[in-house]
Amino acid sequence: MTKLFEPTKLGDIAIANRIVMAPLTRNHSPRAVPNALNVTYYVQRASAGLIITEATAISHQGQGYADVPGLYTQEALDGWRKVNDAVHQAGGKMVVQLWHVGRISHTSLQPDGGKPVSSTNKQADAKTFIIEDGKGAFVPTSEPRALETAELPGIVEDYRKAARAAIDAGFDGVEIHAANGYLIDQFLRSGVNDRTDQYGGSIENRARFLFEVVEAITKEIGAGVTGIRLSPVTAAGDSSDPQPQPLFTYVVEGLARYGLSYIHVIEGQTGGPRDFKQGDAPFDYQALRAAYQAAGGKAAWMVNNGYDRQMAIEAVESGKADVVAFGRPFISNPDLVERLKLDATLTPMDPSKLYGAVNGEEGYTDYPTLDSAA
């Protein structure tokens, strides 16, 4: 039996196998509140060594898409408690992905219809998902406003409070979403960050906000239950940087100071080509991990993007990675771990039902398992 199916630890979190369910936005939580259908969805996938929830807003301001869950109301936390209790009863482990979308939002989703906030006032060439007349629709994001320097401690505090609320609601840990063109990534990347204060300009300045968030969360709940997600070259949300290698080398070397649970790295373009690059040279992911380890980093290394069974087995057996995250295969294969063990055929996903609570169970909780299909 390959190591892929053996137990391991991610910091303080013990998991039954090295297969992780990646965060997958599904827009099935109206009013930002997890519900009974969400319970069913996650319990169906509890055989994953670790479930990382869909991205979950740390505040109302952090919301960027309709019907995604939050962590900032008691009703939402009560809903997550029910999800966590059910997943734990089924033998699973789950961390929540802490999300502030920054400029990838729409005024209709913001408090009092205000502008989204970001490192910049430049509008993203991107779309978001809203509900119009009872139907889901993708629309251009709204023009943002650049956060004032004095506002940033308040955003860091929102992250800290959300992390504490998550642990109190029964999560096994949290993942800081620092990827895919959302708020932390908007500060990191020179193609988005045009600030002239201490949060703009040099790599050290652009990474300052990320480290303030990591510091606040790890002090609050402990580094051993805190992971982070990075996407060195992903262009999602109109994000870019012509020199991603030195930027993310600096980031992981700084993260090595903390005893984090795991570092979650998206290789290539999220949901797209693994060989996607920004700048002149291909990104060297092995060099990134080597830099992290050379700086004393001990966290588990999680890889993601387009992995199939054989690639995952090879990554773990070779020591390239400690765990492998699967995204879309988990949508249409709730028993993905069993299917990978048996090398069974995977059920294809219906992309027309990927997003939206308006679809109800369809394309969400009605995909068959091997037992139900037999």
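In strand β11, the residue that bridges to Ile 176 is Ile 228, and since strands here are DSSP runs of E with at least two residues, numbered from the N terminus, as helices are runs of H or I with at least four, I will use those labels throughout. This is a predicted model, in which local features need pLDDT of at least 70 and side-chain atom pairs count only at pLDDT 80 or more, while totals for chains, interfaces and linings use all residues. Residues are numbered from 1 along each chain as its sequence is written, and side-chain values use heavy atoms, with hydrogens and water left out.

Let me stay with β11 for a moment. Strands β10 and β11 pair in the parallel sense over four bridges, where pairing requires that DSSP finds at least two bridges between two strands. On to the next strand, β11 runs parallel to β12 and is joined to it by four bridges, with Gly 227 standing opposite Tyr 262 in β12. Looking back the other way, β5 (residues 94–99) pairs with β10 (residues 173–177), again in the parallel sense and over four bridges, and Leu 98 stands opposite Ile 176. These strands belong to a closed barrel of eight, which runs β3-β4-β5-β10-β11-β12-β13-β14 with parallel pairing.

Is β11 enclosed or open to the outside? Five of its five residues are buried, so β11 is largely enclosed by the rest of the structure; buried means under 20% relative accessible area, exposed over 50% and partly exposed in between, with a 1.4 Å probe and protein chains only. In a regular strand the side chains alternate between the two faces of the sheet. In β11 both faces are covered, with Thr 226, Ile 228 and Leu 230 on one side and Gly 227 and Arg 229 on the other.

After β11 comes a loop that leads to α7 (244–255), and Asp 241 is placed in it. Asp 241 is buried, with a relative accessible area of 3%, and a polar atom of its side chain lies 2.9 Å from the backbone nitrogen of Gln 243. Leaving aside residues up to four places away in sequence, Asp 241 touches Leu 188, Arg 189, Ser 190, Arg 206, Leu 247, Gln 278 and Gly 279, where contact means heavy atoms within 4.5 Å.

Now to the helices outside these strands. Helix α1 (residues 36–44) lies across β3, β4 and β5 and runs at about 150 degrees to β4, the angle being taken between N-to-C directions on a scale from 0 to 180 degrees, with axes fitted to C-alpha atoms, for helices over the stretch in contact.

Finally, the aromatic rings, of which a search of the whole structure finds 16 pairs. Rings of Phe, Tyr and Trp (its six-membered ring) pair if their centres lie within 6.5 Å, and planes under 30 degrees apart count as stacked, over 60 as edge-to-face and the rest as tilted. The rings of Tyr 42 and Trp 80 have centres 6.2 Å apart and planes at 50 degrees, so this pair is tilted. Tyr 42 sits in helix α1 and Trp 80 in helix α2 (residues 74–89), so that distant parts of the chain, 38 residues apart, are linked. Both Tyr 42 and Trp 80 are buried, and ring pairs join them with Tyr 41, Phe 171 and Tyr 364 in a cluster.

Key
A polar contact is a pair of N or O atoms within 3.5 Å; within protein, one must be able to donate a hydrogen and the other to accept it, and residues adjacent in sequence count only if both atoms are side-chain atoms.
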